[in-house]
Amino acid sequence: MPTTEETGQFTGTQDKDYNLIWFTESCLSNALRMEMYSRDAERAGDSELAEFFRRAQGESQKGAEQGKALLRSRLTGELGNTGQH
């Protein structure tokens, strides 16, 4: 089954822009959650687990930054193309 059909099943629409926005928001949300988890692990005295969550947080932040950059470039490109027909 093609990927576009799969996304339509989950979101009810085959919208790549929605998917990019969702991905970016999910990464940001996950980064916040990993911060909370790492603090919980530190309070429990589990430095190994705290470090694991901090690494996961870093990866989520990278994904969020990449998603934001892609959104920004697409929005800038669309705004720059308006009126140029």
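These are numbered comments on a predicted model of a single protein chain.

1. Overall architecture. The protein chain contains 3 helices and 0 strands. In sequence order the pattern is α-α-α. Helix H1 covers residues 3–11, helix H2 covers residues 16–43, and helix H3 covers residues 47–81.

2. Confidence. The mean pLDDT of the protein chain is 86, with 78% of its residues at 70 or more. By element, the lowest mean pLDDT belongs to helix H1, at 53, and the highest to H2, at 96. Over residues 1–6 the pLDDT stays under 50, and for this stretch the model has 4 contacts beyond four places in sequence. Where pLDDT is low, the predicted coordinates should not be read in detail. Any use of the model that involves residues 1–6 should keep their pLDDT of under 50 in view.

3. Burial and surface. Of the 85 residues in the protein chain, 18% count as buried. The accessible surface of the chain is about 6500 Å², and carbon and sulfur atoms contribute 56% of that. As for contacts with a separation of 6 or more, 48% are between residues 24 or more positions apart.

4. Nonpolar surface patch. Which residues form a nonpolar patch on the surface? They are Tyr18, Trp22 and Phe23, with about 330 Å² of accessible area together. Phe23 is part of helix H2. With a relative accessible area of 36%, Phe23 is partly exposed; a patch residue needs over 30%, so Phe23 meets that cut-off.

5. Salt bridges within helix H2. The whole structure has 7 salt bridges. One of them joins the side chains of Arg39 and Glu35, with an N to O distance of 2.8 Å. Both residues sit in helix H2, 4 residues apart, or about one turn of the helix. Arg39 is partly exposed at a relative accessible area of 46%, and Glu35 is also partly exposed, at 26%. A further salt bridge connects Asp40 with Arg43, where the closest N and O atoms are 2.5 Å apart. Asp40 and Arg43 are 3 residues apart in helix H2, so about one helical turn separates them. Here the two partners fall into separate accessibility classes: Asp40 is partly exposed at 36%, while Arg43 is exposed at 64%.

6. Salt bridge in helix H3 and its network. How far apart are N and O in the salt bridge between Arg54 and Glu51? The distance is 3.4 Å. Arg54 and Glu51 both belong to helix H3 and are 3 residues apart, about one turn of the helix. Arg54 has 32% relative accessibility and counts as partly exposed; Glu51, at 34%, is partly exposed too. Through salt bridges that share partners, Glu42, Glu51 and Arg54 become one network. Glu42 falls within the range of helix H2, residues 16–43, whereas Glu51 and Arg54 lie in helix H3.

7. Aromatic cluster. The structure has 2 aromatic pairs. Tyr37, Phe52 and Phe53 are linked into a cluster by ring pairs.

8. Ser60. Is Ser60 buried or exposed? Ser60 is buried, because its relative accessibility of 9% is under the 20% limit. The residue is placed in helix H3. Setting aside neighbours within four places in sequence, Ser60 is in contact with Cys27, Asn30 and Ala31. These three partners have numbers inside the range of helix H2, residues 16–43.

9. Met36 and Gln57. Met36 lies in helix H2. Its relative accessible area of 44% makes Met36 partly exposed, since that value is between the limits of 20% and 50%. From Met36 to Gln57 there are 21 residues in sequence, and the C-alpha to C-alpha distance is 9.9 Å.

Note on methods
Residues are numbered from 1 along each chain as its sequence is written. This is a predicted model: local features need pLDDT of at least 70, side-chain atom pairs count only at pLDDT 80 or more; totals for chains, interfaces and linings use all residues. Side-chain values use heavy atoms; hydrogens and water are left out. Helices (H or I, at least four residues) and strands (E, at least two) are DSSP runs, numbered from the N terminus. Buried means under 20% relative accessible area, exposed over 50%, partly exposed in between (1.4 Å probe, protein chains only). Contact means heavy atoms within 4.5 Å. Accessible areas come from the Shrake-Rupley method with a 1.4 Å probe; for residues, only the protein chains shown count as cover. Patches are made of residues with over 30% relative accessible area and no salt bridge: like charges are joined within 9 Å, nonpolar side chains (Val, Leu, Ile, Met, Phe, Trp, Tyr) within 5 Å. A salt bridge is a side-chain nitrogen of Lys or Arg within 4 Å of a carboxyl oxygen of Asp or Glu. pLDDT is the predictor's confidence in each residue, from 0 to 100. Rings of Phe, Tyr and Trp (its six-membered ring) pair if their centres lie within 6.5 Å; planes under 30 degrees apart count as stacked, over 60 as edge-to-face and the rest as tilted.
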